[in-house]
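Please open the structure in your viewer and keep the sequence panel beside it. The tour below moves from one selection to the next and says what is found at each stop.

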Amino acid sequence: MKRCTAQKAYLVFMSVLSIFVFATGATAAGPTPVNLGTAGSFVLLTKTGITTTGTTAIVGDMGVSPIVATSMTGFGLIADSTNTFSTSSLVTGKIYAADYAPPTPAKMTTAISDMETAFTDAAGRTSPNFTELGGGDISGMTLLPGLYKWGTGVSITNGVTLAGGPNDVWIFQMAGDLTVNNGAIISLIGGAQAKNVFWQVSGQAVLGTTADVKGIILSQTLVSMNTGAKLSGRALAQTAVTLIANTITAP
């Protein structure tokens, strides 16, 4: 009975908010975006390493700190002549590590600090629009901009749709893991943009085989992408990122 009532309240809110946004021509809905600072310059950023197997394609910069460059495996790193960054045939962008030549160590220390600050910001947002929606299973739902909070993990078994304009913002706070099942797709409609979607994950984020995810993943631990999974966004992890023939593009 409680879940039915909550679902009805959710639908009513969605209808009212939708009417407001489109009838008033509001330029933005939802909370203010999370400020990524210099961490927003990276498509992949971790503290303990990045590994890949298979044919991975990354568009954007990536980096690690305080761990050193040898923690990035499977990329065939090629050092630049300045030794301030490296390149890879799998990465369209630059690759940074804490043991590269100055000013890279300071650059990476700042980026990691900004990543941690962004996580704390996203986790600390108050007055959520929705709490415990779907009991943590948001599969098949269409979600308008807002702040969503769960005291558990969140699962997406067959996809979810985010509907809103180009300046609208979604923040998903979860106390557990983010699990996106095999083949699940996170769709953006109405002009919604991946850069305005923030997944604050207190556990680990696991993207299943051929899953297609949009948004910024701020994970307190691991981000794991299984074979063929895609991410349009950023994976900013306070431990590691593991990849298997994935495609990752900056939003």
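A salt bridge, as the term is used here, is a side-chain nitrogen of Lys or Arg within 4 Å of a carboxyl oxygen of Asp or Glu. By that rule the structure, which is a predicted model, holds three salt bridges, and the tour will visit each of them in turn.

**Colour by confidence**

Before selecting anything, colour the chain by pLDDT: the mean for the protein is 92, and 89% of the residues reach 70 or more. Then select residues 1-13, where pLDDT stays under 50 and where the model has eight contacts beyond four places in sequence. Residues 15-25 are the next stretch to select, and there too pLDDT stays under 50, with eight contacts beyond four places in sequence.

**First salt bridge: Glu116 and Lys47**

Select glutamate 116 and lysine 47, whose side chains meet in a salt bridge with an N to O distance of 2.7 Å. This pair links distant parts of the chain, since glutamate 116 belongs to helix α2 (residues 104-124) while lysine 47 sits in the loop between β1 (42-46) and β2 (49-53), 69 residues apart. Are these two residues buried, exposed or partly exposed? Glutamate 116 has a relative accessible area of 28% and is therefore partly exposed, and lysine 47, at 23% relative accessibility, likewise counts as partly exposed.

**Second salt bridge: Arg125 and Asp121, with Gln173 beside Arg125**

Move next to arginine 125, which forms a salt bridge with aspartate 121, the closest N and O atoms being 2.7 Å apart. Arginine 125 has a relative accessible area of 16%, and because the limit for buried is under 20%, arginine 125 is buried. Aspartate 121, at 26%, is partly exposed.

Keep arginine 125 displayed and add glutamine 173, whose side chain reaches the backbone oxygen of arginine 125 at 2.9 Å. Glutamine 173 has its place in strand β14 (residues 170-174), and at 2% relative accessibility this glutamine counts as buried. If its neighbours within four places in sequence are left aside, glutamine 173 is in contact with Ala122, Ala123, Gly124, Arg125, Leu147, Tyr148, Lys149, Trp150 and Gln200.

**Third salt bridge: Asp212 and Lys214**

Select aspartate 212, which lies in strand β19 (residues 212-219) and forms a salt bridge with lysine 214, the closest N and O atoms being 3.3 Å apart. Aspartate 212 is partly exposed, with a relative accessible area of 22%, whereas lysine 214 is buried, with a relative accessible area of 15%. Now add isoleucine 186, which is 26 residues away along the chain from aspartate 212, although the C-alpha atoms of the two are separated by 6.1 Å. Leaving aside neighbours within four places in sequence, the contacts of aspartate 212 are Ala184, Ile185, Ile186 and Lys230.

**The two open sheets**

Switch to a cartoon view and look for an open sheet of seven strands, which run in the order β5-β2-β22-β20-β18-β15-β12 with parallel pairing. Its edge strands are β5 (72-73) and β12 (154-156), each of which pairs on one side only. Within this sheet, select strand β15 (residues 178-180) and strand β18 (residues 205-207), which pair in the parallel sense over three bridges; the bridge partner of threonine 179 in β18 is valine 206.

Another open sheet is formed by three strands in the order β10-β13-β16, again with parallel pairing. Strands β10 (142-143) and β16 (186-189) stand at its edges, each with a single partner strand, so one side of each is left without a neighbour in the sheet. Strand β10 pairs with strand β13 (residues 160-163) in the parallel sense over two bridges, and threonine 142 stands opposite threonine 161 in β13.

**The nonpolar cores**

For the last stop, show the side chains of Leu44, Leu143, Phe172 and Trp199, which have the most contacts inside the largest nonpolar core, a group of 50 residues. Apart from that core lies another, of 21 residues, among them Leu45, Tyr96, Ile171 and Ile216. Finally, centre the view on leucine 44: leaving aside its neighbours within four places in sequence, leucine 44 is in contact with Ile50, Ile58, Asp61, Met62, Gly63, Ala235, Val241, Leu243 and Ile248.

Note on methods:
Residues numbered from 1 in each chain as written. Predicted model: local features only at pLDDT ≥ 70, side-chain atom pairs only at ≥ 80, totals over all residues. Heavy atoms only, no water. Core = buried A, V, L, I, M, F, W, Y, C linked by side-chain atoms within 4.5 Å. Buried < 20%, exposed > 50% of the residue type's maximum accessible area, 1.4 Å probe, protein only. Contact = heavy atoms within 4.5 Å. Helix = DSSP H or I, 4+ residues; strand = E, 2+ residues; numbered from the N terminus. pLDDT = per-residue confidence, 0-100. Pairing = 2+ DSSP bridges. Polar contact = N/O pair within 3.5 Å; in protein donor to acceptor, adjacent residues only side chain to side chain.
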